[in-house]
Amino acid sequence: MTEPEVAGSDPTLIQTRAYQDGDEWIVNGHKWFISGAKGAQLAILIARTEDDPDIPQAANSAFLVDLPAEGWEVVRDIETLSGSHNHCEIRITDLRVPADRMLGGRGQGHLLGQSRLGPARLAHCMRWIAQAETALDMMVDRALHRYAHGSLLAEKQGIQWLIADSAMELYQGKLMVLHAAYRIESGLPFRTEVSMAKHFVANSLWRIIDRAIQVHGALGYSTDTPLAGMLKQARWSRFADGADEVHQMTIARETIAAYKDHGTTRAATGDLPL
Ligand SMILES: Cc1cc2nc3c(=O)[nH]c(=O)nc-3n(C[C@H](O)[C@H](O)[C@H](O)COP(=O)(O)OP(=O)(O)OC[C@H]3O[C@@H](n4cnc5c(N)ncnc54)[C@H](O)[C@@H]3O)c2cc1C
């Protein structure tokens with residue numbers, strides 16, 4: 001989906017175009033940060049197919065592309081803050097896709113993306129929770145073994161606050177993910193809950209790893225432990241699959257709408273019997 005020339009946060013700006021030619025679509029465009037592209041046998045490609053949609057969100061369609069294909073070029077595996085991890089730049093030139101390889105209907109690309117992104121964001125959260133838990137385990141272990149100024153670090157209130165804040169955030173993140181997953185499974189609206197979970201877990205991941213590094217001192221900054229690598233990896237979680245600010249925009253919109261509709265914001269804060 002994402003393209004270097006336009007803001008990925010706003011899919012209505014997508015420039016990759018598909019034109020119908022008999023029983024095929026011809027696609028031209030440019031993508032980047034396409035995870036897993038190298039070696040992939042199948043791509044889901046989002047391209048603009050509609051010139052005058054009823055709503056801007058109905059301009060794009062999704063295509064299944066069998067790979068490798070003529071007109072589909074993996075330009076490079078993009079080097080990132082934490083190295084290269086198969087997030088590729090793709091050049092698409094006169095790529096021909098059979099009409100029956102359109103996924104869903106014309107103009108449904110955005111809709112399909114939204115339904116995929118709900119569970120996918122929670123899958124990210126689950127991996128981030130595991131990373132944060134590892135960082136907290138390491139923080140506590142180090143605090144139990146490092147001695148300074150007459151006591152172990154674990155006995156110092158300043159370090160206990162770092163541990164307590166991290167434990168509380170981890171617990172909050174787990175509950176948010178479980179509740180958002182419950183809403184998806186139960187067929188209830190889940191957009192706000194998933195946005196909240198994704199934003200919260202992504203940000204607490206950074207904070208918890210950062211605290212673990214602090215408790216490790218110079219060792220935490222070195223590459224002798226996994227923490228430095230984990231921190232670099234954690235950074236992308238705040239903008240991939242929806243930047244923080246875009247999730248905040250969704251959360252605020254739903255919170256204001258709940259108040260307007262019901263005279264209370266309760267429906268936008270989990271709609272829980274509390
Ligand atoms: C590791 C990684 C893997 C990725 N994998 C994929 C993939 O497989 N497929 C794919 O299609 N994309 C992928 N992406 C791209 C990702 O989805 C985009 O980075 C994301 O959608 C943001 O788009 P952008 O980078 O163009 O940033 P922009 O849209 O240019 O946004 C930049 C910044 O502007 C701010 N901003 C944007 N909108 C608003 C707003 N309304 N209000 C306030 N501030 C705002 C935010 O701070 C945001 O971080 C990946 C990215 C990374 C880093």
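## Two helices side by side

Helix 2 and helix 3 cross with a left-handed sense. Sorted by class, the residues where helix 2 meets helix 3 come to 14 nonpolar, 5 polar and 6 charged. This is a predicted model, by the way.

As for the geometry, helix 2 covers residues 157-185 and helix 3 covers residues 191-216, and they pack at an angle of about 155° with axes 9 Å apart. Since angles over 145 degrees count as roughly antiparallel, that makes helix 2 roughly antiparallel to helix 3.

## Strand 4 and its partners

Now for the strands. Strand 4 spans residues 60-66, and 6 of its 7 residues are buried, so the rest of the structure largely encloses it.

Strand 4 pairs with strand 3 (residues 42-48), running antiparallel to it through 7 bridges. If you want a spot to look at there, I44 sits opposite L64 of strand 4. Strand 4 also pairs with strand 7, a short run at residues 102-103, again in the antiparallel sense, this time over 2 bridges. Here F63 faces M102 of strand 7.

## Strand 6 and its partners

Strand 6 (residues 83-98) is joined to strand 2 (residues 24-35) by 9 bridges, and these two run antiparallel. One pair to click on is E24, whose bridge partner in strand 6 is P98.

Strand 6 also pairs with strand 5 (residues 72-80), antiparallel over 7 bridges. Strand 5 and strand 6 make a hairpin, with 2 residues between them. Within this pairing, T80 has G83 of strand 6 as its bridge partner.

Technical notes:
Residues are numbered from 1 along each chain as its sequence is written. This is a predicted model: local features need pLDDT of at least 70, side-chain atom pairs count only at pLDDT 80 or more; totals for chains, interfaces and linings use all residues. Side-chain values use heavy atoms; hydrogens and water are left out. Buried means under 20% relative accessible area, exposed over 50%, partly exposed in between (1.4 Å probe, protein chains only). Helices (H or I, at least four residues) and strands (E, at least two) are DSSP runs, numbered from the N terminus. Two strands pair if DSSP finds at least two bridges between them. Axes are lines fitted to C-alpha atoms, for helices over the stretch in contact, and angles run from 0 to 180 degrees between N-to-C directions. Angles under 35 degrees count as roughly parallel, over 145 as roughly antiparallel, 65 to 115 as roughly perpendicular and the rest as oblique. A crossing is left-handed if the near helix is turned anticlockwise from the far one by less than a right angle, and right-handed if clockwise. Ala, Val, Leu, Ile, Met, Phe, Trp, Tyr, Cys and Pro count as nonpolar, Asp, Glu, Lys and Arg as charged, and the others, Gly among them, as polar.
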